[in-house]
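Work through these exercises with the model open. Try each task before reading its solution.

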Amino acid sequence: MMSTPGLLSAFRHTALVLALVTGGMPAFAQESATRIASNQAVGEVVLIPSRVIYPGETINLAALKQVTLIVGKHKPEAVATRVEELDGKVAKRTLLPGRYIPSTAIREAWLVEQGASVQIFFIAGGLTISATAVTLQPGAAGDLVKVRNIDSGKVLSGTVMADGTIQVSAS
């Protein structure tokens, strides 16, 4: 049986659409969308891993690739797909190439590591008290962490500030 190029192209198009509808890859590359129908409008642009990203690894732009979703295909809710949401964040679990990145699978980079020596501050009105403490857990800016005052040995809770210090409150 001899096939014509138009029939073969239509067959490939149908087979690809069928594969996508029945659970193909969750994100579709721009090249694939172009091959399916070059006269279709461009879909939403998203970022996905281009290689395996392991837990604890900082996500950088070199590990991501930009793809365009097929027209009519929308990304699921609660996935990170923009540079602002991903660059410099840390993977909490393994991120696979070609898959969306769930928002729950990434976290901010730690500003303070567990066991690090940090300055703690207690501020009340015009009074400021500072001391040195050791962090008992890691934390990013805005996180509530426990610290141990080096002088007194007392364990305190405080908020990690953007400059890496910890602001404690009266307890």
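**Exercise 1: From strand 10 outward**

Find how strand 10 joins strand 11 (residues 166-168), and in which sense the two run. Solution: three bridges link strand 10 to strand 11, and the strands run antiparallel. Strands here are DSSP runs of E with at least two residues, numbered from the N terminus. Two strands pair if DSSP finds at least two bridges between them. Next, pick out one bridge: Gly-158 has Val-168 in strand 11 as its partner. Then check the hairpin between strand 10 and strand 11: it has five residues between the strands, and Gly-164 there takes a positive phi near 90 degrees.

This is a predicted model: local features need pLDDT of at least 70, side-chain atom pairs count only at pLDDT 80 or more, and totals for chains, interfaces and linings use all residues. Residues are numbered from 1 along each chain as its sequence is written, and side-chain values use heavy atoms, with hydrogens and water left out.

**Exercise 2: The other side of strand 10**

Describe how strand 9 (residues 144-149) pairs with strand 10 (residues 155-160). Solution: the pairing is antiparallel, over five bridges. Val-147 stands opposite Leu-156 in strand 10. Five residues lie between the strands of this hairpin, and among them Gly-153 takes a positive phi near 80 degrees.

**Exercise 3: Close the barrel**

Determine the order in which five strands close into a barrel. Solution: start with strand 7 (residues 117-124) and strand 8 (residues 127-135), which pair antiparallel over eight bridges. Val-118 stands opposite Ala-133 in strand 8. The full order is 7-8-9-10-11, with mixed pairing. The twist averages 50 degrees from one strand to the next, taken between N-to-C directions of lines fitted to C-alpha atoms, on a scale from 0 to 180 degrees.

**Exercise 4: Charge over a ring**

Which ring lies under the charged end of Arg-107? Solution: the ring of Trp-110, with the charged end 3.9 Å from its centre. The criterion is NZ of Lys or CZ of Arg within 6 Å of the ring centre and within 35 degrees of the ring normal. Now search for aromatic pairs: the whole structure has zero. Such a pair needs ring centres of Phe, Tyr or Trp (its six-membered ring) within 6.5 Å.

How values were computed
Helices (H or I, at least four residues) and strands (E, at least two) are DSSP runs, numbered from the N terminus. Rings of Phe, Tyr and Trp (its six-membered ring) pair if their centres lie within 6.5 Å; planes under 30 degrees apart count as stacked, over 60 as edge-to-face and the rest as tilted.
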